[in-house]
Amino acid sequence: MSFSSLDLPKYLLKALENVNYAQPYPIQEQAIPAILERKDILGIAQTGSGKTASYVLPILVNLESSVLPSDKHVSVLVLVPTRELAIQVADVFKLFADAMPYRCKSVAVYGGVNVEIQLQSLRDVSVLVATPGRLIDLLSTNSIDLSAVDTLVLDEADKMLNLGFKDEMDEILTYLPEKRQNLLFSATLSPHIENVRSLLLKDPLVIQIEQQEDQIELINQSAYAVSNEQKGPLLRYLITEKKMKQVLIFTSSVHQANVVVQKLNQNRIDADAIHSKRTQRDRTAILKDFKKGRLRVLVATDLLARGIDIQFLPYVINYELPRSPKDFVHRIGRTGRAENPGEAISFITEHDEHHFKVIQKKMKKFVDTISAEEVSLLLASKVAK
Ligand code: AMP
C-alpha cells in the first residue's frame, strides 16, 4: 500500500516524500481513511507505530473545510499528558502544516512556562495541543474558545482518562460542543478505556495494532543482579565498555536522577537530567540536545517514559525499576523504535527480584539475568585494568 492510495492530497504526498515516509505504517493505513470520513477512532497502538502521523495527516486535510467564528476559536484540540509530548505532537503538525495550501497554525500549550508568552501565540490557531492543567488556566481567563472544536484527540488516552486527570478532563469536556469527532489513541487497552469508549466514542472504528510483541522483539533485553552500591560503578562500566554513544537512564525519583547525573559528571561522562523539578525551559532544551545527539546520557524519571520519540536511541537502562509493569514496557519502548533495534538493560537488586518476575510475566518475555557473581567479576576486572 502507498500513501497515494489513501486519498491524501498531492501537497501532502510531496511532504511525505520529503520526510522519507515511503509507505504508510499499519495504523496509518487504517486510521487515515476513517478520519478523513470523520469517523470516531479508538486506536490501540504502541508509540513508535506512527500513530501521531496517523491522525495529524487526515486532520490537516479536514481543516480545509473549517471556518472559525473568531481568532480565539480552535478547530482541533489534542490533549496529551506531558509537556514534552505536547511539543513533540505540535512539531509533527508543524512539519506537515508547512506543506498545506491554507492556514493551519498549530501551537502547544503546557505548564511550567510563562503564560504571557503562550498567550501571544494563541491568535488564529487551528490546532491546539495542550496538557490539561494549562488548558484550564487559559479557559478560565477566556483566552481560548473551544466551542467550535470539531475534532478532539486524546493521545496516550489511557493516561488522560485515568484518575489523575479525571477532574481536569471532566471540566475540559464541558467546554466542547457535543457534536465532534473523537479520536482516542492509547498504547494499552485497559478496562477503563473500555468504559469511557461508550461515553466518548460514537460507533468507533477500533484499530488494534498487534505490535507489542514484535516491538519488544526488536529490543534486546538483559538484566544485572546488583547491590545498590554496585549500581553506579556498573553503570559507568557499561557506558564505557559498550561504548554507548547515547543512553536514556530511568530512575524512580528526582533525587536519584540528580545523584546519577552528578556521579556521571564527576567521572567525566556528559549527562543531564529531566524531571519534574527542572524548569520547563531546561527540560525542553535538554530533550532537544539529546534528540539531536548533543547530549550523551539523559537521566529521567517516568515523566519521559511515554510517547517520547527519539530516533535511533540504542540504549535504555532501568537504573531503578518502575512500579508498574506497563511503565516498564513504555520505558524500554523508547528504544527499538520504528524498526531500529535497541538494547534495554535493567538493574535488579535482591529487593526487586519478585517485582521483576511479575514484570516479565506481564510482558510475556523472559529476560536473562547476569548473576551477582558475574557482576562482581566484571567490576573487579575493571578495577584491575
Ligand atoms: P510515533 O509512533 O507517532 O511516535 O512515530 C514514531 C516514529 O516513526 C517517528 O519518528 C515518525 O517520524 C516515524 N514515522 C511515522 N510514520 C512513518 C512512516 N510511514 N514511514 C517512516 N517513518 C514514519
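Here are some questions and answers about the ligand site and the two domains of this predicted model.

Residues are numbered from 1 along each chain as its sequence is written. In this predicted model, local features need pLDDT of at least 70, side-chain atom pairs count only at pLDDT 80 or more, totals for chains, interfaces and linings use all residues, and side-chain values use heavy atoms, with hydrogens and water left out.

Q: Why is the pair of Arg283 and Glu84 called a salt bridge?
A: A salt bridge needs a side-chain nitrogen of Lys or Arg within 4 Å of a carboxyl oxygen of Asp or Glu. The side chains of Arg283 and Glu84 meet at 2.8 Å, N to O, so the pair qualifies. Between domain 1 and domain 2, the count is one salt bridge.

Q: What makes the ligand's approach to Gln28 a polar contact?
A: The term asks for a pair of N or O atoms within 3.5 Å; within protein, one must be able to donate a hydrogen and the other to accept it, and residues adjacent in sequence count only if both atoms are side-chain atoms. A ligand nitrogen lies 2.8 Å from an N or O atom in the side chain of Gln28, so this is a polar contact.

Q: How do you know where domain 1 and domain 2 lie in the chain?
A: The bounds come from an automatic or database domain assignment, which gives domain 1 (3–208) and domain 2 (213–384). Their C-alpha centres are 30 Å apart.

Q: Which domains supply the shell around the ligand?
A: Domain 1 and domain 2 each give at least three residues.
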